[in-house]
Amino acid sequence: MTAGVRLNWSRLRARLDALGRVGALEGGGVCRLALTPEDKAGRDLVAGWMRELGLHVSIDAIGNIIGVRSGLEDGPPVMTGSHIDTVRTGGLYDGTLGVLAGLEVVAALNDAGVTTRRPLAVGVFTNEEGARFAPDMMGSLVYVGGLALAEALATEGMDGQTVGDALAATGYAGPAPVAAPAVHAFVELHIEQGPVLEEQAIAIGAVEGVQGISWTEVTVEGTSNHAGTTPMRLRRDAGYVATATAAFMRDLARRMGGDQVATVGSLALTPNLINVVPGRARFTLDLRNTDEGLLQETERAAFAEIDRLAAAESCSVTRRSLARFEPVAFDPAMVDRVEAAARARGLSVRRMPSGAGHDAQMMARVCPTGMIFVPSAGGISHNVTEHTDDVHLQAGAAVLLDLLVDLAMP
Ligand code: GLV
Ligand code: MN
Ligand code: MN
Ligand code: MN
């Protein structure tokens, strides 16, 4: 425990609520798709809080917002952070918890008049969700040198605007260069977004790594034709190829078992009318597994089945990779530290993989990295009803405080 440094829960709660009002949806939840006016408003709010807390705030060319608190010594900071963009049907905590708990740690250190030996940094990474621009985790990926800035800026979103234009429009094309950072260690606090911790009544997850992610956009071209007059034998039904693929993927993932998951989350049929055979289908494939070999097997099976279905329906197919990240294992010493910090607070803890992608998996390329999970009610996330009880949010923030101070003090 961190003697003399106290988190102020009502201040953190108030910031979570205030950010939750930016892009709030009627009936609950938030929509702050990356680099939209809502995301800009959220960024303005958070950057303003960073400045109020005395952080030195810089914005880099991909729009990452980094706030640094000086230490007694110069040198690589201990860093925390996450993202504040959301999916279209986002909740209050995905990403925001990690950012705002990081700010609360800074605020608590300020209150206590404590200066750590190493600098502390809090990052807000651009477009973690990938719901508007692919790949996901774009800001942190560029930050660690895993994607060229020019390529990221040229990426077109689902609405046709490029990342570069959206950054310019929001005023977040910052002047700071994006350079591979020297970071002493990175810790991200995040909601689990799955059912494990709640089901097992465990307060804290010590995340061992993140499963591999494969995102593909598939476009099927057939012939749109009259639904009443076109015999089944003469159809070139692009919609059939898409929906049969979705059914096949679900079946395959269930047969494979383990932690293989497969999702067709976006499907657009053209012309999308009741009495017209779809002439075009565009859909996405999200495949994940903690085992890279199995993930590759799933990809091969998926692509072969799509080709087979399309050929049988006389349709043509094009595929575009939107994101592909291998599984990531976090530094075992950092996993140990998370576990030990939770135990020291008297909290139940278990080691576990992450099913969702996180900025921490990119930071793990450049520094020892760990993640703290807290339970998600009902395992529900990417949903407006996403919820975590205050007691769990507080526990996660306390573990984050202890870890950051521990890493920054020795
Ligand atoms: C991002 O949140 C993802 O894991 O899809
Ligand atoms: Mn997230
Ligand atoms: Mn998310
Ligand atoms: Mn995510």
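**Helix H2 and the two domains**

In this predicted model, H2 is followed by Gly54, whose phi is positive, near 85°.

Me: How far apart should the ends of helix H2 be, going by its 16 residues?
Reply: H2 covers residues 37–52. The expected rise is 1.5 Å a residue, and the end C-alpha atoms agree with it, because the span they should show and the separation they do show are both 22 Å.

Me: Which residues of H2 are buried, and what arc do they cover around the axis?
Reply: The buried set is Asp39, Gly42, Arg43, Val46, Trp49 and Met50. They sit on the same side of H2, because the arc they cover around the axis is only 125°.

Me: Which exposed residues does the face of H2 turned away from its buried side carry?
Reply: Start from the buried side, which packs against helices H1 (9–20), H3 (96–112) and H6 (163–170), plus strands S1 (56–59), S2 (65–69) and S4 (120–124). Turn away from that side and you get the exposed residues Gly48, Arg51 and Glu52.

Me: What distance separates the centres of domain 1 and domain 2?
Reply: Domain 1 is made of 9–211 + 327–408, while domain 2 is 216–325. Taken over C-alpha atoms, their centres are separated by 33 Å.

Me: On the side of domain 1 that touches domain 2, how many residues are charged?
Reply: The contact takes 9 residues from domain 2 and 10 residues from domain 1. On the domain 1 side, 4 are nonpolar and 5 polar, and the charged count is 1.

Definitions and conventions:
Residues are numbered from 1 along each chain as its sequence is written. Chains are lettered from A and ligands numbered from 1 in the order in which they are written. This is a predicted model: local features need pLDDT of at least 70, side-chain atom pairs count only at pLDDT 80 or more; totals for chains, interfaces and linings use all residues. Domain bounds come from an automatic or database domain assignment. Two residues are in contact if their C-beta atoms, placed from the backbone, lie within 7 Å. Ala, Val, Leu, Ile, Met, Phe, Trp, Tyr, Cys and Pro count as nonpolar, Asp, Glu, Lys and Arg as charged, and the others, Gly among them, as polar. Helices (H or I, at least four residues) and strands (E, at least two) are DSSP runs, numbered from the N terminus. The expected span of a helix is 1.5 Å times one less than its number of residues. A residue is buried if 20 or more other C-beta atoms lie within 10 Å of its own, exposed if 12 or fewer, and partly exposed in between; C-beta atoms are placed from the backbone. The arc is that of the directions from the helix axis to the C-beta atoms.
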